[in-house]
Amino acid sequence: MHPTPLPPVTLDRDDRMLGSRQLAAMLPDLAGARPAYRNLARAIGALILDGRIALHVRLPAERELATALNVSRATVTAGYDLLREGGFARSRQGSGTWTELPEGRRPSGVDRLLAPEESAIDLARAAPTGLPAQLLADALAQVTPQLAEHAHTPGYHPYGLPGLRSAIAERFTRRGLATVPEQILVTSGAQHAFTLVVGVLCRPGDRVMVESPSYPNALEALRRARLRTVSVPVTDAGWDVEILESTLRQAVPRLAYLIPDFHNPTGCLMPDPERDRLLRAAARSGSWLVVDETLTDLALDVPAPPPIATRSAPGGTGQVVTIGSMSKTHWAGLRIGWLRAPAKLITELAGQRVATDMGGSVLDQLLALNLLDRAGELLPSRLARLREQRAALAAALTENLPRWSWRLPPGGLSLWVDLAEPVASTLADRALDYGVRIESGSYFTSDPGVFEQRLRIPYTLPSETLREAVRRLAAALAAGSPPSSSARRPHWIA
Ligand SMILES: Cc1ncc(COP(=O)(O)O)c(C=O)c1O
């Protein structure tokens, strides 16, 4: 099966304009300690840094936004002035106010991937570290002669290195999903794989079903592709399959993106009967199902599940794309991921890929192939360490923050903690002053105003560091005063 042909993209002017009601829906209550215009500018600035408001789009006309927000026009005028002063907006003669990235500031998505300042404990990234030096040295020594052979070729492999494609196909076959190399595309990580799929299957304005909460960078890819997300909840109890079915039926999304194995951030594992119903519902609505298996091998208490596509019913559409990665089992710095899809779609994706990076690095792929072959040497000890760290984090939370609650996930990398009150953003801001970098739960959704009561706390750091982080979080919570740090908010607004 292959995607139905789509018309060429035609963008109208509206793609570059933000509607007043659309913006109003993203903004919090403007009342507070500061004047409303400052709160307005601060909130819009934060949304620009966060990527929720795109760069180079036109903000609503002042009068329209004032009406939508039920504030005076002077408030919006002063707010826009402040945004211009801070470099977050620019006026174009006769054509309104346009968003910009201020000089010297980074989008939040970039900031989050960079190391935090000084001695801060980083709970914002859930990425395991610690590829053993010996394993790495052996692998490098073994691939060097192979690299020398490749150096006699041009070195472009838009589908991925043939040997790595075959190894990934065999891996799927061993897991119960018969796969040939033609069904595999090697990518620079799972995120790259997802962006390629979105680029080929979707057009601006298409609907995409996502989970709420979900993996933020995937949501960001959808925002940037100007897709409309329709979300289905994932609670501590997992997915509500009836909501999944009715959303697929009613929204008829072009694509549905799910993380059924040790879901990020909740850690939930979708039960088998729900997988069957999901597949059937996606087939009925004609939606492509994009299954993200990035965390599948981080099975701490249960066996790693087989690929969802093994359950694909005969007569189904076969419209399933499975994404995988070495980022969590090995190291994100390898930048090696893949996707499995019908061979025809793989060829279309390779075409898209040529337009972006033409192919991955041969050295990285040789290294990945070598390390994949020896995954047995690394994974058991990594899982044991994650189990120990998960227990240390849970114990530290129980001891220091007894009002907080969570469910111990059967796998994955984090606890999805309920704070018993909607203080996550304030606490995350204040935690910076206490040397902890963490994201509010609201960062994990495209729905406005939710998960202010949640924090994702990864257990990827050493146990002692996790204990210290929890002590600092408890101190930050107990301090109760407004945060003095301005690191995560636009710093030009006190
Ligand atoms: C669910 C999920 N998908 C994709 C990714 C991105 O993985 P990669 O580093 O392979 O691009 C992550 C990383 O945290 C993730 O948690």
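**Exercise 1. Work out whether T460 is buried or exposed in this predicted model, and what surrounds it.**

*Solution.* Start with the accessible area: T460 has a relative accessibility of 11%. The cut-off for buried is under 20%, so T460 counts as buried. Next, place the residue in the fold: T460 sits in the loop between β14 and α17. Finally, look for its partners, setting aside neighbours within four places in sequence. T460 is then in contact with R125, A126, A127 and P128, and also with L386, Q389 and L413.

**Exercise 2. Check what span helix α17 should have, and find where its buried residues lie.**

*Solution.* Begin with the length. Helix α17 covers residues 463–479, which is 17 residues, and at 1.5 Å a residue it should span 24 Å. The C-alpha atoms at its ends are 24 Å apart, so expectation and model agree.

Now pick out the buried positions: they are S463, L466, A469, V470, L473, A474 and A476. Viewed down the axis of α17, these buried residues fall within an arc of 160°, and therefore they line one face of the helix. A general rule helps here: an α-helix has 3.6 residues a turn, so residues three or four places apart point the same way.

What does that face pack against? The buried residues of α17 pack against two helices, α15 (379–400) and α16 (424–433), and against the strands β3 (121–122), β13 (436–437) and β14 (454–458). To finish, step past the helix end: G480 follows α17 and has a positive phi, near 65°.

**Exercise 3. For the salt bridges R73 with E62, R84 with D81 and R277 with E245, decide which parts of the chain each one joins.**

*Solution.* The background is simple: side chains of opposite charge can pair when their charged atoms come close. The structure holds 27 salt bridges, and these three make good practice.

- *R73 and E62.* Their side chains meet at 3.6 Å, N to O. R73 belongs to helix α4 (residues 73–85) and E62 to helix α3 (residues 62–69), so the pair ties together parts eleven residues apart in sequence. R73 is partly exposed at 40% relative accessibility, whereas E62 is buried at 17%.
- *R84 and D81.* Here the N to O distance is 2.8 Å. Both residues lie in helix α4, three residues apart, about one turn of the helix. Each is partly exposed, R84 with a relative accessible area of 25% and D81 with 37%.
- *R277 and E245.* The closest N and O atoms are 2.8 Å apart. Since R277 is in helix α11 (residues 272–285) and E245 in helix α10 (residues 241–251), the pair ties together parts 32 residues apart in sequence. R277 is partly exposed at 27% relative accessibility, and E245 is buried at 14%.

One more item to look for: salt bridges that share partners join E464, R467, E468, R471 and R472 into one network.

**Exercise 4. Compare the radius of gyration of the protein with that of a compact globule, then describe the whole fold.**

*Solution.* For 494 residues, a compact globule would have a radius of gyration near 23 Å; the protein has 23 Å, so the two agree. Its C-alpha trace spans about 65 × 55 × 50 Å along the principal axes. Then count the elements: there are 17 helices and 14 strands. Buried residues make up 50% of the 494. Among contacts between residues at least 6 apart in sequence, 74% join residues at least 24 apart. Last comes the surface: about 21600 Å² is accessible, and 54% of that belongs to carbon and sulfur atoms.

Notes
Residues numbered from 1 in each chain as written. Predicted model: local features only at pLDDT ≥ 70, side-chain atom pairs only at ≥ 80, totals over all residues. Heavy atoms only, no water. Helix = DSSP H or I, 4+ residues; strand = E, 2+ residues; numbered from the N terminus. Expected span 1.5 Å × (residues − 1). Buried < 20%, exposed > 50% of the residue type's maximum accessible area, 1.4 Å probe, protein only. Arc of directions from axis to C-beta. Contact = heavy atoms within 4.5 Å. Salt bridge = Lys/Arg side-chain N within 4 Å of Asp/Glu carboxyl O. Rg over C-alpha atoms; globule rule 2.2 N^0.38 Å. Areas by Shrake-Rupley, 256 points an atom, 1.4 Å probe, with all protein chains shown as cover.
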